[in-house]
Amino acid sequence: QKITINNRVLNVPDNPVIPFIEGDGIGADIWAASVRVFDAAVEKAYNGQRKIEWKEVLAGQKAFDETGEWLPQATLDAIEEYLVAIKGPLTTPVGGGIRSLNVALRQKLDLYACVRPVRWFQGVPSPVKEPENVNMTIYRENTEDIYAGIEYLAGTPEAKKVVDFLINDMGATQIRFPETSSIGVKPVSSEGTQRLVRAAIDYALEQGSPTMTLVHKGNIMKFTEGAFLEWAVEEAKEILGSAFLSREEFMQGSHQQIPEGRVLIQDRIADAMFQDLLLKPKDHEVIVSPNLNGDYLSDASAALVGGLGLAPGANIGDGIVLFEAVHGTAPDIAGKDLANPSALILSASLMFDYLKLPHIGKRLHDAIARAIAENRVTGDLYSSTRAGERLTCSAFSDYLCSMIDD
Ligand code: NAI
């Protein structure tokens, strides 16, 4: 049975087909460990009345070995058809014309928002004193900016042509070393910015989050990052109407707190935002940013709460969502039954919440929280200074299944 969408409302049948990409490297270890936990949680929550039909689709090394293509069209078609999918990590092919399969997936499916919730689990070592104050969700633009891949290598005729155009036709005088410069182009559009802001505001309103921070480098790049800020504020004003609260209004008022029903839209220059991540994480709940800043912010904030092994993510388009673990293929531990499947399981927890099946999502989240609190975890999270047990990937999965069955 297919998940369908009508007027932005999802219809989820009892036995929905959900495509999955197993992923490369540790992908096979963590998928095998995770899918058992997903099925146990669905069974427990719905007593057999619901069951997910997992449908494997190929991408990455496995796809290349079986079909000769890194990202077969059939995979893109299946994700478009079934609307919701989940993936493990993919290796970056060396040569072959694809820079990154993840970037290709996002661009081909027009998955324009990369969403990363960042929350701390009790018991996870953190480099900050009060990791419990970190509770934010990052909305990173996924299809534009310097990531669009329009680049010309220094010394090539293409780079020379672009440099000549900029100097001769556009009057640019700022290219310090024209002969030896590579050139990259940074497209940032009002449409791309505004659809990202719409998705983030929908989320903020659904979660009841009263603050949103727009992160940009508009003090320097005025017509790309600066325009991002302007367009984002315009869109937020239009959507929120009288619920829109600017920083100025908030500061002028005598409010200690944001008034009920209003959303504070603030902005931070990217470098200052990195300070805030460390010093004032409580000030930020929903963070909205262009692609490159968002990339840095996502990993830096994941580090605050224990690193990539626990970081889930989702790539959101209009009606299509691809959930994913944020980490890579971890070739150093692939096939050794050592990997931590938590990021994939937490991505599935987000997926079930998105499908409005929160009983499943919560079970997955709580099982992981309990295993971490008990220090019965894989090697990357295990602390030798506390009681507990260091588990293999498959033993960790057994343990999570047993807790879900409790
Ligand atoms: P990585 O995330 O694969 O590994 C970084 C370190 O974290 C390694 O020491 C690894 O053992 C550890 N690690 C990562 N995930 C873990 C897990 N679940 N459990 C335990 N330890 C874990 O990043 P790296 O080494 O930069 O990239 C390796 C490959 O993965 C490259 O081909 C890269 O392009 C690809 N990659 C794919 C991503 C994706 O598909 N979303 C994201 C990042 C990298």
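Where is the place of L357? In this predicted model, L357 sits in the loop between α11 (342-354) and α12 (358-373). Its relative accessible area comes to 4%, and because buried means under 20%, L357 counts as buried. A long stretch of chain lies between L357 and F64: 293 residues, with 34 Å separating the two C-alpha atoms.

The sheet is a good place to go next. Its 11 strands form an open sheet with mixed pairing, in the order β4-β3-β5-β15-β14-β6-β7-β13-β10-β12-β11. The two edges are taken by β4 (53-56) and β11, each of which pairs on one side only. On average, and with direction ignored, neighbouring strands of this sheet are turned by 25° against each other. In general, the strands of a sheet pair through backbone hydrogen bonds, and they may do this in a parallel or an antiparallel way.

At the β4 end, strand β3 (residues 17-21) is mostly covered, with 5 of its 5 residues buried. V17, P19 and I21 point one way from β3, while I18 and F20 point the other way, and all of them are buried. Strand β3 runs parallel to β4, and 4 bridges join the two. In one of these pairings, F20 has E56 of β4 as its bridge partner.

Further along the sheet, strand β7 (residues 135-141) meets strand β13 (residues 286-289), and the two pair in the parallel sense over 4 bridges. Here T137 stands opposite V286 in β13.

Towards the other edge comes strand β12 (residues 263-269). Since 5 of its 7 residues are buried, β12 is largely enclosed by the rest of the structure. On one side, β12 pairs with strand β10 (residues 211-216) in the parallel sense, over 6 bridges; M212 stands opposite I265 of β12. Strand β11 (residues 244-246) also runs parallel to β12, and 3 bridges join them. V263 in β12 is the bridge partner of F244.

Helix α4 (residues 101-108) brings the account round to the ligand. Its buried residues are L101, N102, A104, L105 and R106. As a rule, an α-helix has 3.6 residues a turn, so residues three or four places apart point the same way. At the start of α4, a side-chain oxygen of S100 reaches to within 3.2 Å of the backbone nitrogen of N102. N102 also has a part in the ligand's surroundings: one of its polar side-chain atoms lies 2.8 Å from an oxygen atom of the ligand.

What else lies around the ligand? There are 20 residues around it, and L90, T92, N102, G328 and A330 come nearest. Sorted by type, this shell divides into 9 nonpolar, 7 polar and 4 charged residues. Besides N102, the backbone of A330 makes an approach, with an N or O atom 2.7 Å from an oxygen atom of the ligand. N340 comes in through its backbone too: a polar backbone atom of this residue is 2.9 Å from a nitrogen atom of the ligand. Taken alone, the ligand exposes 820 Å², and the protein buries 65% of that.

A couple of backbone angles round off the picture. Most residues other than glycine have a negative phi, which makes a positive value worth a look. A330, although not a glycine, has a positive phi of about 40°. This ligand neighbour is found in the loop between β15 (321-325) and α11. A330 is partly exposed, with a relative accessible area of 23%.

D110 is another such case, with a positive phi near 50° in a residue other than glycine. D110 comes just after α4, in the loop between α4 and β6 (113-119). At 33% relative accessibility, D110 counts as partly exposed, because partly exposed covers the range between the cut-off for buried, under 20%, and that for exposed, over 50%.

Notes: Residues numbered from 1 in each chain as written. Predicted model: local features only at pLDDT ≥ 70, side-chain atom pairs only at ≥ 80, totals over all residues. Heavy atoms only, no water. Buried < 20%, exposed > 50% of the residue type's maximum accessible area, 1.4 Å probe, protein only. Pairing = 2+ DSSP bridges. Near = heavy atom within 4 Å. Polar contact = N/O pair within 3.5 Å; in protein donor to acceptor, adjacent residues only side chain to side chain. Areas by Shrake-Rupley, 256 points an atom, 1.4 Å probe, with all protein chains shown as cover. Nonpolar A, V, L, I, M, F, W, Y, C, P; charged D, E, K, R; others polar. Axes fitted to C-alpha atoms, helices over the stretch in contact; angles between N-to-C directions.
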